[in-house]
Amino acid sequence: MIRTTFFATALCLFAPVLHAEVVGKVGVDWFGNDIIIESINDPKVQGVTCHLAYFERGIIDRLQQGNWFEDPSNSSIACTQTGPIAMGDIKRGKGGEEVFRESQSIILKSIRVTRVYDEKAQTLIYLAHGSEVSKGSAKTSISAIPLYQAK
């Protein structure tokens with residue numbers, strides 16, 4: 001029983017928060033470097049779709065740079081209302097709630113999308129940011145979805 005609980009907990013901690021679908025792959029040079037565009041539906045807010053773009057290094061670039069196992073954690077995000085918005089049980093604190101994470105290296109480096117609810121402005125804010133244990137990351141991108149109803 002304890003062993004089963006431990007493994008279930010471990011799987012939850014290391015499982016991705018949300019699955020993204022690759023909808024675009026744009027080649028940027030002859031080294032095989034690409035910009036990947038993924039579509040992400042917020043699992044707790046129906047009617048919101050975000051598109052995340054990030055850089056993926058090709059094999060030639062990996063050979064030249066000598067860093068085989070990681071991609072830059074730079075990213076850009078744009079979110080839009082794609083249907084009627086229905087919010088589930090979301091975290092409402094200033095720290096927000098992670099809705100997506102994708103690894104950019106073998107360990108400890110990822111791109112994350114965090115949702116923050118601005119209750120006063122009635123807006124959902126989606127923040128794309130890198131996560132690196134050793135250096136942190138100042139590269140961020142945000143997108144906002146207003147929740148007000150037009151009259």
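Start by selecting Lys 25, which is exposed at a relative accessible area of 56% (buried means under 20% relative accessible area, exposed over 50%, partly exposed in between, with a 1.4 Å probe and protein chains only). Now add Asp 34: Lys 25 and Asp 34 form a salt bridge, with their closest N and O atoms 3.8 Å apart (a salt bridge is a side-chain nitrogen of Lys or Arg within 4 Å of a carboxyl oxygen of Asp or Glu). Unlike Lys 25, which is exposed, Asp 34 counts as buried, at 14% relative accessibility.

A word on what you have open: this is a predicted model, where local features need pLDDT of at least 70 and side-chain atom pairs count only at pLDDT 80 or more, while totals for chains, interfaces and linings use all residues. Residues are numbered from 1 along each chain as its sequence is written, and side-chain values use heavy atoms, with hydrogens and water left out.

**Zoom out**

Switch to a cartoon view. You'll find 2 helices and 8 strands, running α-β-β-β-α-β-β-β-β-β from the N terminus on (helices are DSSP runs of H or I with at least four residues, strands are runs of E with at least two, both numbered from the N terminus). The protein has 151 residues, and 35% of them count as buried. Turn on the surface and you're looking at about 9,700 Å², with carbon and sulfur atoms supplying 59% of it (accessible areas come from the Shrake-Rupley method with a 1.4 Å probe, and for residues only the protein chains shown count as cover).

How far along the chain do contacts reach? Take those between residues at least 6 apart in sequence: 47% join residues at least 24 apart (contact means heavy atoms within 4.5 Å).

**The salt-bridge network**

The structure holds 6 salt bridges, and you've seen the one between Asp 34 and Lys 25. Next, select Asp 42, Lys 44, Glu 97 and Arg 115, which salt bridges link into a network. Begin with Asp 42 and Arg 115, whose side chains meet at 2.7 Å, N to O. Asp 42 sits in the loop between strand 2 and strand 3, and Arg 115 in strand 6, so this pair links distant parts of the chain, 73 residues apart. Are these two buried or exposed? Both Asp 42 and Arg 115 are buried.

Then look at Glu 97 and Lys 44, where the closest N and O atoms of the salt bridge are 2.6 Å apart. Glu 97 belongs to strand 5 and Lys 44 to the loop between strand 2 and strand 3, so the pair ties together parts 53 residues apart in sequence. Glu 97 counts as buried at 10% relative accessibility, whereas Lys 44 counts as partly exposed at 33%.

**Into the core**

Hide the surface and select Val 48, Leu 52, Ile 77, Val 113, Leu 124 and Tyr 126. These have the most contacts inside the largest nonpolar core, which has 21 residues (a nonpolar core is a set of buried Ala, Val, Leu, Ile, Met, Phe, Trp, Tyr and Cys residues joined through side-chain atoms within 4.5 Å). Colour the strands next: strand 2 (34-41), strand 3 (45-56), strand 4 (75-87), strand 5 (97-103), strand 6 (109-118) and strand 7 (123-132) each supply at least two residues of this core. Which strand gives the most? Strand 3 does, with 5 residues.

Stay on Val 48 and show its surroundings. Leaving aside neighbours within four places in sequence, its contacts include Ile 40, Asp 42, Thr 80, Leu 124, Tyr 126 and Ile 145.

**Back to the surface**

Bring the surface back and pick Trp 30, Ile 59, Ile 60 and Leu 63. They form a nonpolar patch with about 470 Å² of accessible area together (patches are made of residues with over 30% relative accessible area and no salt bridge, with like charges joined within 9 Å and nonpolar side chains, namely Val, Leu, Ile, Met, Phe, Trp and Tyr, within 5 Å). Ile 59 lies in helix 2 (residues 59-65) and counts as exposed at 51% relative accessibility. Trp 30 is exposed too, at 68%.

Keep Trp 30 selected and add Phe 31. A search of the whole structure finds 1 aromatic pair. Here the ring centres of Trp 30 and Phe 31 are 4.3 Å apart and the planes lie at 25 degrees, so the pair is stacked (rings of Phe, Tyr and Trp, the last by its six-membered ring, pair if their centres lie within 6.5 Å; planes under 30 degrees apart count as stacked, over 60 as edge-to-face and the rest as tilted).

**Last stop**

Finish at Ser 110 in strand 6, which counts as buried at 6% relative accessibility. From Ser 110 to His 129 is 8.5 Å, C-alpha to C-alpha, with their positions 19 residues apart in sequence.
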